[in-house]
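Me: I have a structure open here and would like to go through it slowly, one question at a time. Could you reason through each answer before you name the result?

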Amino acid sequence: MEQTIAFPHEETKYSIPVHETVSPSKVSLTAIVAMGARGEIGQDGTMPWHLPEDLRHFKEITMGRAVIMGRRTWESLPKRPLPGRRNIVVTRQEGYLTEGAETAPSIAEAAATCTPKERPVIIGGSTLYEAALPYCDTLHITRIDSIFPDADTYFPAIQKKYWELTEEEGPFTSKSGLKYTFYTLKRK
């Protein structure tokens with residue numbers, strides 16, 4: 001199958017902090033992200049688009065699972081916690097309190113609290129994606145066929161030599177007029 005998805009900066013190497021090691025044998029990690037044509041994922045703490053179809057897709061994939069997110073992602077959610085999911089916030093702030101979510105000081109510790117049945121999903125932000133990507137075995141990507149020039153947050157580069165495109169749905173046109181495609185990538 002020919003890969004039709006192109007990612008910027010494919011050969012970027014990840015710098016993974018030593019405290020962010022996750023044993024793949026303990027729990028399988030998945031990441032889910034919506035991004036623009038250049039890997040844009042955020043602008044001023046929010047998504048720079050409105051794509052209701054992606055929100056439904058996100059809910060379908062994450063419902064009933066543990067979702068692991070950074071503190072800023074947690075704080076940006078319009079409704080907290082995400083219902084029907086175990087919410088885990090990764091933060092380095094000691095004593096950080098959240099109502100409706102658990103906290104962990106690292107992705108490794110957050111993942112260690114999950115059972116294989118919970119199938120944890122990394123939902124952002126960019127720092128967590130970068131640290132977790134080498135340990136993920138599945139990526140669910142909504143690729144929006146638009147450039148968002150004011151974006152200030154990007155998904156880390158995906159190195160094609162480590163990933164295989166296994167599913168592609170679309171392209172579709174949203175009610176909001178944006179064109180998008182759903183991709184699933186599996187680690188080779």
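Me: Which element gives the largest share of the lining of the largest pocket?

Reply: The model is a predicted one, and its largest pocket has a volume of about 1300 Å³. The elements that each give two or more residues to the lining are β1 (29–35), β2 (40–42), α1 (52–62), α2 (71–76), β6 (121–124) and α4 (126–132). Among these the largest share is five residues, and the element that supplies them is α4.

Me: How many residues of the lining of the largest pocket are nonpolar, when polar and charged ones are set apart?

Reply: The pocket is lined by 45 residues, and those nearest its centre are Thr73, Ser76, Ile123, Gly124 and Gly125. Sorted by character, the lining holds 16 polar residues and nine charged ones, while the nonpolar residues number 20.

Me: Which strands are the edge strands of the open sheet?

Reply: The open sheet has eight strands with mixed pairing, and their order is β5-β4-β3-β6-β1-β7-β10-β9. From one strand to the next, the twist averages 25°. An edge strand pairs on one side only, and this holds for β5 (102–104) and β9 (163–173).

Me: Do β9 and β10 run parallel or antiparallel, and which residue in β10 is the bridge partner of Glu167?

Reply: In general, strands of a sheet pair through backbone hydrogen bonds, and the pairing can be parallel or antiparallel. Here eight bridges join β9 to β10 (residues 179–187), and the two strands run antiparallel. Leu165 stands opposite Leu185 in β10, whereas the bridge partner of Glu167 in that strand is Thr184.

Me: Which residue takes a positive phi in the hairpin of β9 and β10?

Reply: The hairpin has five residues between its strands, and a phi near 95° is found there at Gly177. A positive phi also occurs in a residue other than glycine, Asp44, where the value is near 55°; Asp44 lies in the loop between β2 and α1. For the hairpin, then, the residue asked for is Gly177.

Me: Where is the proline that is joined to Gly170 by a cis peptide bond?

Reply: Most peptide bonds are trans. A cis bond nevertheless joins Arg80 and Pro81, with omega about -10°, and Pro81 is found in the loop between α2 and β4 (86–90). The bond from Gly170 to Pro171 is cis as well, with omega near 10°, and the place of Pro171 is in strand β9.

Me: Over which residues does pLDDT stay under 50?

Reply: The chain averages a pLDDT of 88, and 86% of the residues score at least 70. Confidence is highest in β6, at 98, and lowest in helix α3 (residues 107–112), at a mean of 93. There is, however, a stretch where pLDDT stays under 50, for which the model has 61 contacts beyond four places in sequence, and that stretch is residues 1–25.

Technical notes. Residues numbered from 1 in each chain as written. Predicted model: local features only at pLDDT ≥ 70, side-chain atom pairs only at ≥ 80, totals over all residues. Heavy atoms only, no water. 1 Å grid on protein atoms, 1.4 Å probe; cavity = no way out; pocket = protein on both sides within 12 Å on 5 of 7 lines; lining within 4 Å. Points joined across faces, edges and corners; volume = space filled by probe spheres on them. Helix = DSSP H or I, 4+ residues; strand = E, 2+ residues; numbered from the N terminus. Nonpolar A, V, L, I, M, F, W, Y, C, P; charged D, E, K, R; others polar. Pairing = 2+ DSSP bridges. Axes fitted to C-alpha atoms, helices over the stretch in contact; angles between N-to-C directions. pLDDT = per-residue confidence, 0-100. Contact = heavy atoms within 4.5 Å.
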